Protein chains: 2
Amino acid sequence: MAEYKAPLRDMRFVIKEVLEVDKLWSALAGTREQVDVDTADAILEEAAKIAAEAVAPLSREADEHGCRWQDHQVTTPPGFKEAYQTYAEGGWCGLGGNPAFGGMGMPKTLVAQVEEMVQGADMSFGLAPMLSAGACLSLDAHGSDALKQTYLPKLYDGTWAGAMDLTEPHAGTDLGMIRTRAEPDADGSYSLTGTKIFITWGEHDMAENIIHLVLAKLPDAPTGSKGISLFLVPKILVNTDGSLGERNAVTCGSIEKKMGIKASATCVMNYDGAKGWLVGEVNQGLACMFTMMNYERLGVGIQGLGAAEASYQNAADYACERLQGRSPEGIKNPDRAADPIIVHPDVRRMLLTMRAFNEGSRAFSTYVARWLDIAKFSDVAAEQEEAAGMVALLTPIAKAFITDKGLEATLIGQQVLGGHGFIREWGQEQLVRDTRITQIYEGTNGVQAMDLIGRKTVAAGGRYFRQFAGEVDAFIQANSDSEELAEFIQPLGAELARLQQVTEAVIAQAERDPNAPGAAAVEYLHLFGYTIYAYLWARMAKAALAGGSGGEADFYRAKLVVARFFFQRLLPQTQALSAHILAGSDTLMALEAELF
Amino acid sequence: MAEYKAPLRDMRFVIKEVLEVDKLWSALAGTREQVDVDTADAILEEAAKIAAEAVAPLSREADEHGCRWQDHQVTTPPGFKEAYQTYAEGGWCGLGGNPAFGGMGMPKTLVAQVEEMVQGADMSFGLAPMLSAGACLSLDAHGSDALKQTYLPKLYDGTWAGAMDLTEPHAGTDLGMIRTRAEPDADGSYSLTGTKIFITWGEHDMAENIIHLVLAKLPDAPTGSKGISLFLVPKILVNTDGSLGERNAVTCGSIEKKMGIKASATCVMNYDGAKGWLVGEVNQGLACMFTMMNYERLGVGIQGLGAAEASYQNAADYACERLQGRSPEGIKNPDRAADPIIVHPDVRRMLLTMRAFNEGSRAFSTYVARWLDIAKFSDVAAEQEEAAGMVALLTPIAKAFITDKGLEATLIGQQVLGGHGFIREWGQEQLVRDTRITQIYEGTNGVQAMDLIGRKTVAAGGRYFRQFAGEVDAFIQANSDSEELAEFIQPLGAELARLQQVTEAVIAQAERDPNAPGAAAVEYLHLFGYTIYAYLWARMAKAALAGGSGGEADFYRAKLVVARFFFQRLLPQTQALSAHILAGSDTLMALEAELF
C-alpha cells in the first residue's frame with residue numbers, strides 16, 4: 001500500500017488561493033486573535049506528520065486485529081492507545097475547543113484539514129477524537145457552567161473521551177421512539193435505564209474516562225421527539241475535586257461485528273440506573289444535538305474525503321508502477337515487456353474521476369466550514385444569519401454527496417488495482433469497507449436528502465436556494481467577461497439555471513403530491529452537489545489561472561486539466577439526474593407493499 | 001437475514017413468456033432430445049431446493065470461518081464438503097456437460113437459471129462447480145479423446161473438480177507475459193514449472209482430485225500471446241485404469257486474504273516440474289480458452305445477478321418489517337408507533353432500482369444464453385454464425401453490466417437496511433464483499449469494455465452492432481401499432497437511435513485518435529447495456545400485457561410497473577453517458593504520468 005501523504009499543497013490552495021479563508025480569519029472577531037497564516041501552516045505541517053507517522057502505519061494491522069470485547073471491557077488494537085496518547089499530548093483533541101475551558105479555539109476551516117488527514121490515515125482511529133469533539137460542542141453550547149468546568153478541560157486534553165448515545169434497537173432514524181428513561185433523583189441528578197446500540201467508541205481503553213451524552217425521556221415527557229432530553233453520563237463518576245470516583249452503572253454489553261471500521265468499537269451500552277446530569281433544557285434534547293450535528297455531519301463527509309484521497313494516492317502509485325499491456329499510441333516503455341497501466345485512457349479516466357471529486361470535495365468541505373466559522377465567530381448579526389442559512393442548506397449535501405463520491409472513489413481505486421485491489425495486502429479493500437459506513441451513520445444519505453428537499457427546500461419555500469444561487473450568480477456576473485474562464489462560466493450558468501428550474505418544479509410538485517419530495521430527494525441532492533462542485537471548480541480554475549507560470553506551473557496546469565475533466569466528463573450527469581427527478585413519484589407508489 | 005428463495009416464477013416468465021426458449025429447445029437439433037418444458041421445470045424446482053436448503057444456510061458461517069491453509073492443504077468451511085457431495089450426487093456438476101462423456105447436455109438457457117440460484121445462495125460455493133464446468137468446456141472442445149475419456153466423466157460426476165490457472169504475479173490482463181514453462185518429455189507429456197496466482201479453488205478438500213488447466217510456454221515459443229499453450233495438470237496423477245496414482249508436483253503455496261468470497265480458496269499454485277498434457281494445439285492456448293471464456297464471463301455476470309437478487313429479497317423483507325417514521329401521506333399503521341419503511345418513496349426507489357435491474361439482468365443473461373445455445377446446438381450454419389456474432393458482441397456487456405448493476409444492487413440493499421446493513425448479522429454486507437470480485441476477475445470490467453469497443457465495435461466496423469440493431473428495429477416495427485406498448489416502444493426507438501449515433505461517432509473518433517476507444521469504453525458499454533435492457537423491458541412489458549388478468553394478474557401488473565419505472569427513472573442515464581462518451585479523450589491524456 002502507498003504511504004499516506006497529506007495533501008498539504010492542495011489544502012493551502014483551497015484555503016489561501018480559492019476561498020481566501022486566511023483573510024476571513026483576520027476579519028472575524030472570534031478568530032483574529034487565535035489564528036493567522038503562519039500558525040495555520042505550522043498546525044497543518046504537524047498534523048500531516050502525526051497522520052502519516054503515528055496513525056497511518058497502524059491502520060492495516062488494526063483492521064485485521066479489530067477491537068476485542070471481554071467482560072464488558074474493550075481492548076483496542078495494537079498501537080492505538082499509544083497513538084491516542086501522542087495525539088492527545090499534541091493538543092489535537094481540543095483543537096476546535098473553547099479556549100475558556102482549555103481548547104485551542106481554532107476555526108473549522110483549519111480543523112477540517114486536520115480531520116481530513118487523520119481520517120485519511122485511519123478512519124477507525126479518527127472516530128475517537130471526532131466523537132469527543134462532537135460531545136464537547138454540545139456540552140459547551142448547552143451544559144451548565146459546572147458541567148463544563150468539570151468535563152471540558154479533560155475532554156480537550158484527551159485524558160477523557162466522549163461518546164454520543166442516540167440509537168436504540170427499535171429507534172434509529174426515528175429517535176422519537178426511544179425508550180431509555182431518566183428518573184429525577186433528589187440531588188438534581190438523574191438515574192438512566194435503557195439500552196443504546198451502535199455507539200461508536202462507547203467503551204475502550206484509550207482514555208481514563210468516557211463521557212456519554214445520552215438521549216433519554218423523563219417519566220412525564222411528551223411522546224415523540226418533543227419528549228427527548230439530553231444527559232451527561234460518565235463511565236466513572238467524578239469526585240468534586242475532579243478525581244475519578246466510583247464506576248457508574250453504564251456498561252458495554254457487546255460490540256458489533258461489522259463490514260469495516262473494525263478497529264473501532266461499535267458498542268451496545270446498557271444503562272442500569274446510571275447517574276447522569278441534564279444538559280440544556282428538559283425536552284430540548286434534539287435541539288441540543290443540532291449544534292453538534294452540523295459539525296459532525298460535515299465531519300462524516302470529511303471522513304469520506306480522507307479515504308477517497310488515500311484511495312487516489314494508492315491507485316495513482318499503482319498505475320504508474322504496474323506494467324501490463326501497451327499504450328494505444330504504441331510502445332512507451334521499449335526496455336520492458338509492458339508499459340505502466342497509466343498509459344491507458346480508461347485508467348486515467350478512473351484516476352481523474354477520483355481526483356476531480358476529491359479536490360472538489362476538499363474545496364466544498366472547506367467552503368461549508370467557512371460558513372460554520374462565520375456563523376460561530378462573526379459578531380455581525382446579519383453575517384451570522386446568512387451563514388446559518390448556508391450551513392443549513394449545505395450540511396446535508398456535504399455529508400451525503402461527499403460520502404457518496406467518497407465510496408465511489410474507494411471502489412474506483414480498487415478497480416485500478418484489479419485483483420490486487422480485492423486482497424487485503426494492498427489496503428485498498430479496507431478503504432471500501434471503512435468508507436461504506438459514512439453513507440449510513442449520522443443520518444443515512446437518504447435522510448440527508450429528505451432534510452435537504454423537505455425542510456431546507458420545500459418548507460423553506462426555496463429561500464436558502466436563492467441565497468446560494470445569488471452567490472453563484474454574482475460570481476458568474478463578475479467573471480462573464482473573462483475569455484479564459486468562459487469554458488467554465490458558461491456551463492456553470494447553464495447548471496445553475498437547471499438547478500433553479502428543478503428546484504421550482506420540486507416545490508410545485510410537493511404542493512400536489514406528498515410523496516413527490518421523497519421520490520426526488522436523493523437525485524435532487526446529487527444534482528445540487530454537482531452544481532456546487534461546478535461552482536467551486538470554476539473558482540478553482542480561476543485561482544489556477546491566477547497562479548501563473550512560476551515554479552509551480554505544473555500544479556496550476558494540472559488543476560486546469562482536472563477542472564476541464566470535471567466539466568466535460570462528469571458534469572453531464574446532471575442531465576440524467578434532472579430527468580429522474582422530473583419523472584415524479586407515480587411509478588414508485590403504484591405497487592402495494594405485498595408485491596415487493 | 002431473509003431466507004433465499006429462488007425466483008422461479010420470474011425465471012419461467014423469461015424462459016416461456018418473454019424469450020420463448022422452450023420453443024427454441026424443440027427446434028434445435030442438439031437440444032430437442034435432451035430437454036422439454038416438463039424436464040426443465042423439474043430441474044428448476046430441484047435446483048431451487050438445493051440452493052435454498054443445502055447451500056444458502058451455510059453461507060454466513062462459511063464467510064466467517066473462511067478457508068484454512070496448512071501444509072499445502074486447504075480445509076473448506078464447515079458443511080461445504082457435504083454440500084458439494086449432495087450437489088455432485090444430484091448430477092449438477094455435469095448439467096451442461098457433453099452426454100458422450102456422462103454430462104446431461106442441458107442448454108445454457110436452463111443451466112443459467114441453476115447457476116443464478118446456486119450463486120445467489122453462496123458465491124464462494126458456487127465458484128467450485130463454475131470453475132469445473134469451465135475446465136470441462138475447454139477440455140471437451142480441444143482435448144484429445146484420451147484426455148476426455150479419462151477426465152470428463154469424473155469431472156461431470158463431481159468426483160474430481162477443475163481449476164483454471166492463468167494469472168501470474170506480473171501477468172494478469174496481459175497474459176502474453178506469463179513465464180510458466182512447459183518442457184516436453186519423452187512420453188509425450190510435459191513438465192511444468194512456474195507460479196500461478198489468484199487460482200480460484202486451486203486446492204481444496206471437496207473432491208478427490210483437482211484437474212488444473214494451465215497456461216504455459218514451450219521453450220521455443222514465440223514471445224507474447226502467440227506463444228501460449230494450454231495444459232492439463234492433475235493434482236494426483238491418474239493411472240491407466242482410472243484409479244489415482246502418485247501426487248503430481250503441483251502444490252498450493254498459500255491462499256489470499258480477501259475482501260469477500262472468503263469461503264473460497266484463492267490459491268498461489270507452484271509447479272515444480274509437474275506432469276501435464278497438452279490440450280489443443282501448441283501455441284493455441286488462448287484460443288482454447290475462448291470457448292470456455294464466453295460461458296465463464298456470462299457465468300460471472302450471473303454471479304452478480306444471483307447476489308443482487310438475494311440483496312433485493314433481504315431488503316424488501318426488511319422494508320416491510322422495519323417500523324420507523326411515518327408515511328408522507330399520513331399515518332398508515334395507527335396501532336403501532338411507526339409505519340414500515342416501505343411507505344417512504346425513497347425506500348421504494350431503492351427497491352425498484354434493484355428490481356428493475358435484476359429482472360432486466362435475468363432476461364439479459366437468458367437472452368445471451370439463448371444465443372450460446374443456438375451457436376452450439378443448431379445444425380444450420382447461418383444460424384450458428386449469426387448466433388456467434390451476437391455472443392461475441394453481448395458477452396462483454398453481460399459480464400460487466402450485470403456485475404456493475406449487481407454491485408449497485410448489493411450496495412442499495414445495504415442502504416435500505418441502514419446500520420443493520422453494515423453489521424455482519426444481517427448478511428447484507430457479505431453480499432457487497434462477495435459481489436465486488438465479479439467486476440474484477442475473468443477480465444476486469446474495463447477490459448470487457450475495451451473488448452466491446454475495440455474488437456467488437458471499431459475493429460468490426462460496427463457489423464455486430466448492426467446485427468443487434470436489426471433485431472431491435474424489427475421488434476419496434478412489429479409493435480409500432482400497439483397503443484398499449486407505445487410508452488415503451490417510443491423511448492426504445494429513441495435509445496436505439498442514440499446508440500447508433502454514438503456507435504458511429506466512436507468508430508469515427510477511433511480513426512483520428514488511438515486513445516478514443518479507451519476513453520469511451522466503459523461508458524459505451526453502459527450505454528449499450530441500458531439500451532439492451534430497454535429492449536428486453538419492452539419485450540417483458542409486451543409479455544406482461546399478454547399475461548392477462550387471471551389468477552396471476554398481480555404478477556403481470558407489477559411487471560408493468562417495474563417496466564415503467566425502468567423507462568422513466570433509470571433509462572435517462574443514457575443522456576449523461578452519451579455526453580461523457582462524445583467528450584473524447586483530450587482531458588484524459590493531457591497530463592504527464594508524473595502529475596498523477
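1. A good place to start is the salt bridge between A:Arg557 and B:Glu592, whose closest N and O atoms lie 3.2 Å apart. The term stands for a side-chain nitrogen of Lys or Arg within 4 Å of a carboxyl oxygen of Asp or Glu. Between chain B and chain A the count is six salt bridges.

2. A word on the ground rules. This is a predicted model, where local features need pLDDT of at least 70 and side-chain atom pairs pLDDT 80 or more, while totals for chains, interfaces and linings use all residues. Residues are numbered from 1 along each chain as its sequence is written, chains are lettered from A in the order in which they are written, and side-chain values use heavy atoms, without hydrogens and water.

3. Now the whole interface: 88 residues of chain B are in contact (heavy atoms within 4.5 Å) with 88 residues of chain A. About 7900 Å² is buried between the two chains, with carbon and sulfur atoms giving 60%; buried area is the accessible area (1.4 Å probe) that two parts lose on being put together, summed over both. B:Phe422, B:Arg569 and B:Phe596 supply 11% of what chain B buries against chain A, more than any other three residues.

4. Do look at helix 18 in chain A, residues 553-570 (helices are DSSP runs of H or I, at least four residues, numbered from the N terminus). Its 18 residues reach 25 Å from first C-alpha to last, close to the 26 Å expected at 1.5 Å a residue, where the expected span is 1.5 Å times one less than the number of residues. Among its buried residues (under 20% relative accessible area, 1.4 Å probe, protein chains only) are A:Tyr556, A:Phe566 and A:Arg569.

Key
Helices (H or I, at least four residues) and strands (E, at least two) are DSSP runs, numbered from the N terminus. Buried means under 20% relative accessible area, exposed over 50%, partly exposed in between (1.4 Å probe, protein chains only).
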